[in-house]
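Hi,

Here is the structure I said I would pass on to you. Have a look at it first, then read my notes below.

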Amino acid sequence: MSCFSCIRTRCNDASKVEIDNDETGKGKESQPRSGNNRKCGAARSFPFRELATATRGFKEVNLIGEGGFGRVYKGRLESGQVVAIKQLNHDGLQGFQEFIVEVLMLSLLHHCNLVTLIGYCTDGDQRLLVYEYMSMGSLENHLFGLSPERPSLSWNTRIKIALGAARGLEYLHCTANPPVIYRDLKSANILLDDEFNPKLSDFGLAKLGPVGDNTHVSTRVMGTYGYCAPEYAMSGKLTLKSDIYCFGVVLLEIITGRKAIDTTKKPGEQNLVAWSRPFIKDRRKFVQLVDPLLEGCYPVRCLHHAIAIAAMCLQEQPTFRPIISDIVVALEYLASQSYASEQPRDGAAPNPSTLSPQQDRSHGKSSTSK
Ligand SMILES: Nc1ncnc2c1ncn2[C@@H]1O[C@H](COP(=O)(O)OP(=O)(O)OP(=O)(O)O)[C@@H](O)[C@H]1O
Ligand SMILES: [Mg+2]
């Protein structure tokens, strides 16, 4: 923990929530972004009473999600700002340690692709975290929790999300000093705002990266099954390349619409990386990887590039995996080649100007896109 002072920065279902159904989550206090970096406001300490009032006594109707750390509620602060409030459940030291790391990390790291920590509460034995409210919930919900109100994501939106997540990771790996290894990159931890801008969340497992001549940091193996890099799972040796592997798994989820681990599938298909290997090895089989919900609405050349990026990230040998800055450049190129319904069927690069802003924002498919 003593190392934190040395960090410098070089630079579910929201519809059932009774508070603010008509709001975008941008509270009165939200501030404009400037470039890549946003405000560097410190997280503030909240009295428990204020957070109880904000959620109307942690009413069930305001519950928007639940993870290993605890329950997440939508709330409205006295200032009028709409927030997400995460309440630590009281079983175990691990959660308490993650709480401290989360507060310290997010107090020091600021980027438009990292979720903003507004504050925390440590009254008595209560431990709560107050975040900016991300009105579209998690990427996981949008890939696997589809409903009539939540149609499948378009190709353009998927690439936009992949790029934003990569930029968040690039900030951690290349701008934070010393670098930060995120350790828990997964679709559940990529939150989306009302314009599908992604932000990385949950820094409770994050670690400061190796400094000097050290190539890795040694840790107890933590993270989420299905996303964990093989060498890290085997040896506990954590490097920036462990995050790159996780990114490869997320990119594969984005392309395939399949979960990293899905125990409802038949044996052989439950582990996404293992299932995808034969398809990744053979370009002629690439199309069999694609999420059927895309209904063929994607630029074929870009699909090939995206699969190639995922394949590089998923190399068994960490040293063969790309660095995040190169992934950002590759995804920026894919984002510039957005899919437009007018695009020729041969997959030739479309003219981005043919894509109307309305089409790009809709995560469903336009009537002309089939
Ligand atoms: N800032 C936020 N704004 C809006 N919704 C949020 C926010 N943070 C979390 N949520 C919602 O709460 C759910 C649970 O989040 P949480 O981080 O507690 O668990 P998880 O990431 O799904 O799993 P785990 O933390 O156990 O690995 C998310 O999937 C999301 O739907
Ligand atoms: Mg999470």
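Before we get to the ligand, one term: a residue is near a molecule if its C-beta atom, placed from the backbone, lies within 6 Å of it. With that in mind, 22 residues are found around ligand 1, and those that come nearest are Gly65, Gly67, Gly68, Ala84 and Met134. Keep in mind as you click around that this is a predicted model.

Sorted by class, the shell around ligand 1 holds ten nonpolar, nine polar and three charged residues. Which strand gives the most to that shell? That's E3, with three residues. Strand E5 (82-88) also helps out: E3 and E5 each supply at least two residues.

While you're looking at E3 (residues 63-66), follow the chain onward. A hairpin of three residues joins E3 to E4, and E4 covers residues 70-76. The two strands pair in the antiparallel sense, over three bridges. One residue to find here is Gly65, whose bridge partner in E4 is Val72. Gly65 is also among the residues that come nearest to ligand 1, so to speak a handy landmark.

Now zoom out. The protein has ten helices and 14 strands, and 42% of its 370 residues count as buried.

The helix I'd pick to practise on is H9 (residues 324-336). With 13 residues at 1.5 Å each, H9 should span 18 Å, and its end C-alpha atoms are indeed 18 Å apart, which agrees. Which residues of H9 are buried? They are Ile324, Ile327, Val328, Leu331 and Leu334. Look down the axis of H9 and these buried residues fall within an arc of 120°, so they line one face of the helix. On the face turned away from that buried side you'll find the exposed residues Val329 and Ser336.

What covers the buried residues of H9? The cover includes helices H4 (155-175), H6 (240-256) and H8 (300-313). For a close-up, try Ile159, which lies in H4. Is Ile159 buried or exposed? Ile159 has 28 other C-beta atoms within 10 Å, and 20 or more is enough to count as buried, so Ile159 is buried. Leaving out residues up to four places away in sequence, Ile159 touches Leu331, Leu334 and Ala335. Ile159 also shows how a chain folds back on itself in numbers: Ile159 and Glu332 are 173 residues apart in sequence, yet 8.8 Å apart in space, C-alpha to C-alpha.

Cheers

Terms used. Residues numbered from 1 in each chain as written. Chains lettered and ligands numbered in written order. Predicted model: local features only at pLDDT ≥ 70, side-chain atom pairs only at ≥ 80, totals over all residues. Helix = DSSP H or I, 4+ residues; strand = E, 2+ residues; numbered from the N terminus. Expected span 1.5 Å × (residues − 1). Buried ≥ 20, exposed ≤ 12 C-beta atoms within 10 Å, placed from the backbone. Arc of directions from axis to C-beta. Contact = placed C-beta atoms within 7 Å. Pairing = 2+ DSSP bridges. Nonpolar A, V, L, I, M, F, W, Y, C, P; charged D, E, K, R; others polar.
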